[in-house]
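Hi everyone, thanks for coming. I'd like to walk you through a structure that is probably new to most of you. Here it is on the screen.

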Amino acid sequence: MIKAILIFNNHGKPRLIRFYQYFAEDMQQQIIRETFHLVSKRDDNVCNFLEGGSLIGGSDYKLIYRHYATLYFVFCVDSSESELGILDLIQVFVETLDKCFENVCELDLIFHMDKVHYILQEVVMGGMVLETNMNEITTQVDVQNRMEKSEGGLSAAPARAVSAVKNMNLPEIPRNINIGDINIKVPSLSPF
Amino acid sequence: MALKIVKGSIDRMFDKNLQDLVRGIRNHKEDEAKYISTCIDEIKQELKQDNIAVKANAVCKLTYLQMLGYDVSWAAFNIVEVMSSSKFTYKRIGYLAASQCFHESTDVIMLTTNQIRKDLSSPNQYDTGVALTGLSCFVTPDLARDLANDIMTLMSHTKPYIRKKAVLIMYKVFLKYPESLRPAFPRLKEKLEDPDPGVQSAAVNVICELARRNPKNYLSLAPLFFKLMTSSTNNWVLIKIIKLFGALTPLEPRLGKKLIEPLTNLIHSTSAMSLLYECVNTVYIDVNTPPLPSLSLSLCLYLSLPPQLCVQKLRILIEDSDQNLKYLGLLAMSKILKTHPKSVQSHKDLILQCLDDKDESIRLRALDLLYGMVSKKNLMEIVKKLMLHVDKAEGTTYRDELLTKIIDICSQSNYQYITNFEWYISILVELTRLEGTRHGHLIASQMLDVAIRVKAIRGFAVAQMATLLDNAHLLTGNMQRMGICEVLYAAAWICGEFSEHLENPMQTLEAMLRPKVATLPGHIQAVYVQNAAKLFATVLKSQEGNTDSTAAQETSQLMIDRLPLFVQSANLEVQERASCILQLVKYIQKLQQKDVEVAEEVSALFAGELNPVAPKAQKKVPVPEGLDLDSWINEPPSESESEDEQPKAIFAKEEPKHSRPRREEVDEKELAKRREARKQEQANNPFYIKASPSSQKVYQEAPGVEHIPVVQIDLSVPLKVPGLPMSDQYVKLEEERRQKERAEKKKKEKKKRKEKRSGRGKKHDSGPESEEDITPAHQVDIVTEEMPEWSIITSYIFIKTKSYCVTVHVCSSRPLADSEKLPVRSHRAAEAPKSPTEDGDATSQEPKKKSSKEKREKKKDKDRDRKVRISTGLFLCLLGNHSHLILVSSGLPGINKCIQKSKLVFCFLPLTKVYDIQGNLQDGSQVVVSVIFENKCDSFLKSMEFNVLDSLNSKLQRPEGSGPHDGLTVPFQLPPGVSNEARFVFTVQSIIMPQKLKGTLTFIVKNEDSSTHEKLDFKLHFTCTSYLITTPCYSDAFAKLLESGDLKCSSVRLEGVNMPFHHLLARICFHHHFSVVERIDSCASMYSRSIQGHHVCLLVKTVSIDAKCDEPTLLGNVLDEIKQTFSQC
C-alpha cells in the first residue's frame, strides 16, 4: 500500500499532496517539512530509498523518491510494495505528466494542481496501484478532459476568454519561464 | 430564467479561478497569509451563491488552499453539493475536494451515501469512475456497509475501466466492513482470470494485500496464482504474485519446490531489474524467513540452494554501481543474516566497505548487518571504525543510530565479544563527548551494568567516572547536551558505591557538591546527594586513621556548607535525602567535636556488597519461617471443586491448562532440592545471597583455557593518562596481549599436542585464530546457570546482600495480572514476564518424566495446590493488588451517607476464576464476591451481619438450615483502622443481564462507654463483565469460532475516546476480562468467555467495537459496560 504521495520543489513548497491515510492539515504540513528536510540533504547520486522520518515512518514504511530538475516526487510505501517497482511507477507517472502537459515543468504543476490530481487518480487509487500502462492512463485522462470541454460548451467560453486576457496582461506566463526539462530518464533501469 | 443564467456566467468571468488564486498568492509573497484570508472570504461569498459553477470554482480553490495547510473542513457541506452536480466537470472537482479533506469523522459523509450510490449506477462510466476514486479515499464503515453490494455489482461491469476500480476499492470495503469479504470473495477470485490485464492486476493487488494480513486463508489460491505467474507478462502483477508466494511458502513448503522452475525461468527471461530482484529475494530469502526456519532451511537444502549461493548473488548486487541495487542487496542480506549468519559473515569486508559509503541509507543498512558479524577477534576493529564515523557524522539521527549500534554490538549476548572491559569503559566515556545525543541513559545503564558485573574493572571504572564527575561542566555546558548528563547519574553512583577504589575521594566529593550540580535534573541530583554521603563515609574512614582529626572535621564542615543548597531543592527526592543527610552529618560533627570515632559506624550505613542476581534466583528464596502457605486463612469455601469436570472442548488448545499441574510437580521436587542446597549455603553466611560459584563457567567451558594464565595489563598505564582515555590505545594493548597469549599458548600446545583434542572448536568457527583462543582480560559476572533457554538476560534484580529475603520477594514481583493470582506463580514472578500462552508452550516442551511414584504423589500435590491457590487468592486481595476492591468504611451516620452516595464497586471473583488455571469451569452458576471491610472510625466494630435481598435470579448462598432472609455473620471483628476481607458466594441463574442487589450490613459500634447498633445500606452491582473470565484463545480457534456462524453480532462506537490504542486494549482487558487474540495495527480481536461458557468475541478498532456472542443480550450489556468504561475516562 502507498501511504502518501508528495510532490514538492527544491525549496520544500508543496506542489501536490495526496495522503491515503488521514492526517490533520497541520500534521500534513509537518510531514511535508520533515520529508523535505530528509530528502533535500541527499545528493543526487545516492540511492532513492530512505528509512525513518518519524511522522510517516514506522519500521514497515519506506520513503521512495525521485528528483527531477526542480521537483521531488516522494512516495511513502509499506513493505508490500516492491521498491524498484515504485521507482518505475514514479517514472511512469512523470512520463505521463510529460505527455499530458507536453513537456511538463514545475509551473504546470503549480497552476494545474487539479489536473495533476486527475492524472494521479488514474495511476493510484486509494493507496493501491491502479494502472501502470502509460497509454491506458493517457487515454482515460484524455477522454475525461474532452468530456469536460464538451460540457463547458458555450457557457464556459466567455470565462476562457477572460482568463486568456488575464494571462496576457500578466508578466508571468508559464511557458516563457523554462525551469528545466523535467523528463530526465533514469539510467540503468529498464522500462517497466 | 435564461437571463439569470447568462448573468451568472457573466458574473463568473470576473471571479478568480484557481490559476488566478495561484498567481495572486505568488504575487503576494510578503503578505501571503493576509491575501489568502481575503481569498477565503471571497470563497465564502461564492459558496453562498446558487450557481453551481461558482461553487465548484470555489471548491477547487479550497482544494488548493488545503494543500497549503489550511483547514477547509468548514466547507464540507458545499463540497457535497458540488459532488452532487450532474455535470462531470463539477462532480470531479467535488470528489477531488472530498478525497483530499474528508475522513472518517467528517459528519457530512453520511449525507453522501445516496449520491454516491446514484453515481455508481450512472450510465456514464466516468461518473462511476470518479465516484469510486473518491470513495476509495474516504470510505467509512457505514458507507462500506451500505455500498458493498453496489460495488460488488460493479465488479462485473462491462467496462474494464470500472471493473478494475471496483475490484481495487473492495479492499477498502473489506477493511471497513469485514463481513463483506465472504460474499465478495468468489467474485474477486473470478477477477483473477479477467480477460483485461488491468482488472487482473487489480485483483492480484487486492488478494496480495489481504494475504499479507492472513496468508493462511489464501493458500487455496496458490494453483491459480501459479498459473498466472507462468502466463502473465505484466511485471507489476508478477512482482505482486512473487511477493504473495513469499508469504505463502513458509506455510506450505511444497510450494517452494514448485516455484523454483518458473522463478528461474523468470530470472533468465526478464529484463526488468525490479522483477529480477523480487525473484531473487523470494527464492532465496522468503523461504528462509520464520515462522518455520528449520523447515525452510531443510527446504533450502532440498532445493540445493545453499544460502552461500544467494549471498553471493547479493554480493553482486551490492557491488553494483547502482546505489539502489546496493541498498536492496544489503536489505536482502539482513534477512538472510537472521537465519544463516555464517554465510553472511564471510562478506564482512564488503559490509565494512559500505559503512564508508556516502549514502546514509546504505550506511544504516550496513550498520544493521554489522550487528550479526562481530566476533571477539574483530570487535575492537569494527568499533574503532564506528567511532571514527561517530566523529565524522553529521546530523544527530545518524550519530544516535551509530551510538546505539555500538552499544548494541558490544553488549550483545552478555558482552560475549568483549575481551577487555577497560577498552569498553573508555569507549563509553568517549561516547559521552557526543553532542546532542538522546542516548545518555543508554550509556549510563551500560556503565552501571559493566561496573557492577565485572568486578575486576571497578577500580578502573571508578577512576574514569571520577574524571567524568570532575569535568561535569563539559557535559552540562549547554542545554542542548542535557541528554548526555544522564551519564553523571551513573558516574555519581559508581563513584559512591565503589568509593573504596577511589584514589582521591576528597576531590570527587568536592566535585559532587559543587553548586553547579543544582542545575542538573532532579533524579541525578538525588543520586549525587546520596552518593556524596557514601563518599563522605569513605573519606572519614581514611581520615580518622590519621592522627590529624581536623581533616575529618573539615570534611564534615564541607558537607554542612554545601548540603543546604540541596535541602532547598524543589525536587522532593533531593530535598528529602539532602535534609536527612544534613542532619546526620551535623550529628556526626557533634560527635567528632567530642573526639568520638565515628567512621566505622558511618560506613556501616552503606555496608554490604552488591551482587547481581539472576532473574530466576527468586525461586531460591525460601519461605520465611512461620509462614505456612498450606494453612487456610479463611474458612474454606463450600465443597464444589471437583477436578474431573472438564470444560467443553471448543478450543483446540486446551492442553496448557491441564499440563500446568504436571510442571508444578516437577518444580516442586526441584525446588525442594534447590532449597536444600540453598539452606546449606546460607548456613555458612546467613545474610548472604551469593552469586553462585558456577556462574563463571561460561568462559571456562572452552577446553584449555583454564591453563592459560590471564595476563594482567599494567593498569597504571591507562590510569596515568591525563583526562579522558583514548580507546584506541587498547586496541594496540589488546594486540600485544593477544600476541603474548598466543606465544604462551603455543608453548603449551607443544606440550599438550599429544593429548586428545576432543570437543574443540565445536561452537565457533575456527578461523586462522580460533575464537576461544582469545581469552577475555576480565570476566563478566554472568549469572546464567538458571537462565531459561528462551531468554536472553533481560533484567537483573540487584539485591543488597543484607536486605531481608521477604522484602525482596514482595518488591520484585511485578504487578499481578488477573490470571496470575497464584502463589506458586507469584513466587516465580521475577522469572520473566510470560503470557499464559507462552507458559503453556514452555510446559509442553518440558520432558514428561512420569514414574509411577510421581503419579502416586500427584493427587496429593494437587490437593495441596488447590488449597494454596485459594488461600493466596485472598492473600493477594489483602495486599491490594486488585483494583476493584471495595472499602466499606463505617462508623458515624454522616459517613454512612457519603458512602451511599459514592459509587461502590464490588469485586467479583467468580468462583471459577480461582480454579481457572486448572481448567475447571466447573460451576457456571456461582460467583464469589470478595468484600473488604475497613474500619475507618475509631471505635470497635463487631457482630457484623451481611445480608442481601435475594432476587429471583441471584441468591446469596446461606448455610443450610437458615432461612432465605437471614444474614450471614461476617467471621471477624474489626478494631479501629483494621481491614479484613470476607467472601460471599452467590448463586446466579442467568448471567445475561446485569443486576443490582440491595443489601444491608448491620453491626455494633462499640465505644469505651457505649455500644450502638448501626446499619449500612449498599447496592451490589453485578455487571455482566463480572461474569466473564479472561480466557486465552488462539487465533485459529478464534477464526473457527467466528466462522461457525452461531454468533450474533452487534457493534458500538467509542465516541470521544482519544487514548493510544494499546491503552484502549489494556483497559478492555483489565476492566472487562478480555484477552487479546490478535492485533494488527489499530485493529485487534479479543476474546472472553462467560462462566456459563458463552463466547464473546470483539473486533476492536480505534473508534468502534464490533462484537459477536452466542447470547445477544449478554453481548449488548457487555458492550454497554465497555462503552461506559470509556465514557468515564
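I'll start with chain A, move on to the cores, and finish with the place where chains A and B meet. One thing to keep in mind from the start: this is a predicted model.

So, chain A. It has five helices and seven strands. If you follow the sequence along, the order goes β-β-α-β-β-β-α-α-α-β-β-α. How much of chain A is buried? Of its 192 residues, 59% are. As for the contacts between residues with a separation of 6 or more, 56% come from residues 24 or more positions apart. And on the outside, chain A exposes about 7,700 Å², with carbon and sulfur atoms supplying 54% of that.

Okay, on to the cores. The largest nonpolar core has 150 residues. Which residues have the most contacts inside it? From chain A we get A:Ile2 and A:Phe73, and from chain B there are B:Tyr424, B:Leu431, B:Met447 and B:Tyr528. The element that gives the most to this core is helix α31 of chain B, residues 522-545, with twelve residues.

Let's stop at A:Ile2 for a second. Leaving out its neighbours within four places in sequence, A:Ile2 is in contact with a whole list of residues, including A:Tyr20, A:Phe75, A:Val77, A:Ile86, A:Leu89 and A:Val129. A:Glu81 is on that list too, and I'll come back to that one. There is also another core, apart from the largest one, with 123 residues; among them are A:Phe19, A:Met113, B:Val139 and B:Cys208.

Now for the interface. Here, 70 residues of chain A are in contact with 76 residues of chain B. Between them the two chains bury about 6,800 Å², and 54% of that is on carbon and sulfur atoms.

How many salt bridges cross between chain A and chain B? The rule finds eight. And here's A:Glu81 again: its side chain meets that of B:Lys240 in a salt bridge, at 3.2 Å, N to O. Counting polar contacts between the chains, you get 36 residue pairs, both residues at pLDDT 80 or more.

So which parts of chain A touch chain B? Several elements each supply at least two residues, among them β2 (14-19), α1 (25-40), α2 (83-101) and α4 (113-123). The one giving the most is α5(A), with 15 residues.

That's my tour, and I'm happy to take questions.

Definitions and conventions. Residues are numbered from 1 along each chain as its sequence is written. Chains are lettered from A and ligands numbered from 1 in the order in which they are written. Side-chain values use heavy atoms; hydrogens and water are left out. Helices (H or I, at least four residues) and strands (E, at least two) are DSSP runs, numbered from the N terminus. Buried means under 20% relative accessible area, exposed over 50%, partly exposed in between (1.4 Å probe, protein chains only). Contact means heavy atoms within 4.5 Å. Accessible areas come from the Shrake-Rupley method with a 1.4 Å probe; for residues, only the protein chains shown count as cover. A nonpolar core is a set of buried Ala, Val, Leu, Ile, Met, Phe, Trp, Tyr and Cys residues joined through side-chain atoms within 4.5 Å. Buried area is the accessible area (1.4 Å probe) that two parts lose on being put together, summed over both. A salt bridge is a side-chain nitrogen of Lys or Arg within 4 Å of a carboxyl oxygen of Asp or Glu. A polar contact is a pair of N or O atoms within 3.5 Å; within protein, one must be able to donate a hydrogen and the other to accept it, and residues adjacent in sequence count only if both atoms are side-chain atoms.
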